[in-house]
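Okay, thanks for staying on, everyone. I'll talk through some helix packing and then a couple of pockets, so let me put the thing on screen.

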Amino acid sequence: MKAPSTLPAGDLVPLSKREDTRERIIAAAGSAFAERGFRGTTIRQITTRAGVNVAAVNYYFRDKDELYLRVLREAKQCAAQIAIDDSTGTPEERVGRFIERFVHHLLDPERPAWHGRVLALEMSDPTPALDVIIRELTAPVYRSIRALIGAALDGTASPAELDLFAGSIVGQCVFYSHSRTIVEQLALDLAAVPDRIERIAAHITAFSLAGLREFRSRATGNKTSPRRTPRRQRVPLHD
């Protein structure tokens with residue numbers, strides 16, 4: 001008598017059960033990859049954590065590479081929602097809302113701890129999956145804040161200056177996430193306040209907008225000064 005398959009045909013497995021098994025594998029893989037990285041993690045280690053057999057990975061994700069990419073997408077995809085801009089309010093207000101969303105995402109106590117760790121390991125020891133994640137999820141967020149900064153500066157910044165401003169703002173937000181343990185030990189007063197996340201977001205917003213205003217003020221002043229060379233007329237991109 002033929003033994004039953006350990007994984008029945010997909011159309012015979014209830015959708016809720018399939019989704020539950022898939023999510024358990026992703027969570028187990030995320031924790032394992034966060035501890036050992038892609039190269040140091042085996043399928044056996046993942047399936048043991050998930051409480052499934054080895055064949056389950058092939059059934060749901062084909063192979064280790066595809067599972068790893070799915071884990072990275074899981075860790076990063078929430079951040080992609082930050083790039084969605086409702087286009088209401090002034091450019092400065094929109095920059096502020098971006099910062100608030102980004103900080104709350106990074107410091108959300110409900111966010112699984114392995115999200116940040118697996119992304120940090122991937123960046124320190126990249127695999128081909130990193131290019132996919134940057135293209136699909138990181139680039140839209142970066143382009144969004146860069147465009148908002150450009151609008152807030154009213155076209156006074158060069159492309160390289162926009163990159164510097166975007167890096168400064170993103171770097172401030174990421175610092176409190178990547179260096180959370182250090183911040184909690186050194187900034188004891190900040191760590192003790194109940195509205196710590198809101199305070200951090202408000203500070204980064206105020207600090208960043210002050211810098212943008214100062215830059216815009218200087219750039220505008222230079223361009224309107226009679227002692228300066230007149231602004232060169234822009235060449236249209238299209239006829």
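**Helix contacts and pockets**

Start where H7 touches H8: on the H7 side you've got Tyr142, Ile145, Arg146, Ile149 and Gly150, and they meet Pro159, Leu162, Asp163, Phe165, Ala166, Ile169 and Val170 of H8. Sort the residues of that contact by class and you get nine nonpolar, one polar and two charged. Oh, and before I go on, this is a predicted model, so please keep that in mind.

How do those two helices sit against each other? H7 covers residues 129-152 and H8 covers 159-178, and they pack at about 115 degrees with axes 9 Å apart. That angle makes H7 roughly perpendicular to H8. As for handedness, the crossing of H7 past H8 is right-handed.

Now bring in H5. Against H8, the axes come within 9 Å, and the crossing angle is roughly 25 degrees. Our cut-off for roughly parallel is under 35 degrees, so H5 and H8 count as roughly parallel to each other. This crossing is right-handed. Who's touching whom? From H5 it's Val95, Ile99, Phe102, Val103, Leu106 and Leu107, and from H8 it's Ile169, Val170, Cys173, Val174, Tyr176 and Ser177. If you like greasy contacts, here you go: eleven nonpolar residues, one polar and no charged.

Then there's H5 with H7. Their axes come within 8 Å and cross at roughly 150 degrees, which makes H5 roughly antiparallel to H7. The handedness for this pair is left-handed. On H5 the contact uses Pro91, Glu92, Arg94, Val95 and Phe98, while H7 brings Val141, Ser144, Ile145, Leu148, Ile149, Ala151 and Ala152. The class split is nine nonpolar, one polar and two charged.

A few residues come up twice, if you were keeping track. Val95 of H5 is in the contact with H8 and also in the one with H7. Ile145 and Ile149 of H7 meet H8, and they turn up against H5 too. On H8, Ile169 and Val170 meet H7 and are also part of the contact with H5.

Right, pockets. How much space is in the largest one? About 450 Å³. Its lining has 22 residues, and those nearest the centre are Lys76, Phe102, Met123, Thr138 and Val174. Helices H4 (64-80), H5 (91-107), H6 (113-124), H7 and H8 are the elements giving two or more residues to that lining. Which one gives the largest share? That's H7, with six residues. By class, the lining comes out as 14 nonpolar, five polar and three charged. And a link back to the packing: Phe102 and Val174, which lie nearest the centre here along with the others I named, are also part of the contact between H5 and H8.

The second largest pocket holds about 290 Å³ of space. It's lined by 14 residues, and Ala113, Gly116, Arg117, Ser177 and His178 are the ones nearest its centre. At least two lining residues each come from H6, H8 and H9, the last being helix 180-186. Here H6 supplies the largest share, four residues. The classes are five nonpolar, five polar and four charged. Ser177 also ties back to the packing, since this residue near the pocket centre is in the H5 and H8 contact as well.

That's my tour, happy to take questions.

Methods:
Residues are numbered from 1 along each chain as its sequence is written. This is a predicted model: local features need pLDDT of at least 70, side-chain atom pairs count only at pLDDT 80 or more; totals for chains, interfaces and linings use all residues. Side-chain values use heavy atoms; hydrogens and water are left out. Axes are lines fitted to C-alpha atoms, for helices over the stretch in contact, and angles run from 0 to 180 degrees between N-to-C directions. Angles under 35 degrees count as roughly parallel, over 145 as roughly antiparallel, 65 to 115 as roughly perpendicular and the rest as oblique. A crossing is left-handed if the near helix is turned anticlockwise from the far one by less than a right angle, and right-handed if clockwise. Contact means heavy atoms within 4.5 Å. Ala, Val, Leu, Ile, Met, Phe, Trp, Tyr, Cys and Pro count as nonpolar, Asp, Glu, Lys and Arg as charged, and the others, Gly among them, as polar. On a 1 Å grid over the protein atoms alone, a cavity is a set of points where a 1.4 Å probe fits but cannot get out, and a pocket is an open set with protein on both sides within 12 Å along at least five of seven lines; lining residues have an atom within 4 Å of a point. Grid points are joined across faces, edges and corners, and a volume is the space filled by probe spheres set on the points.
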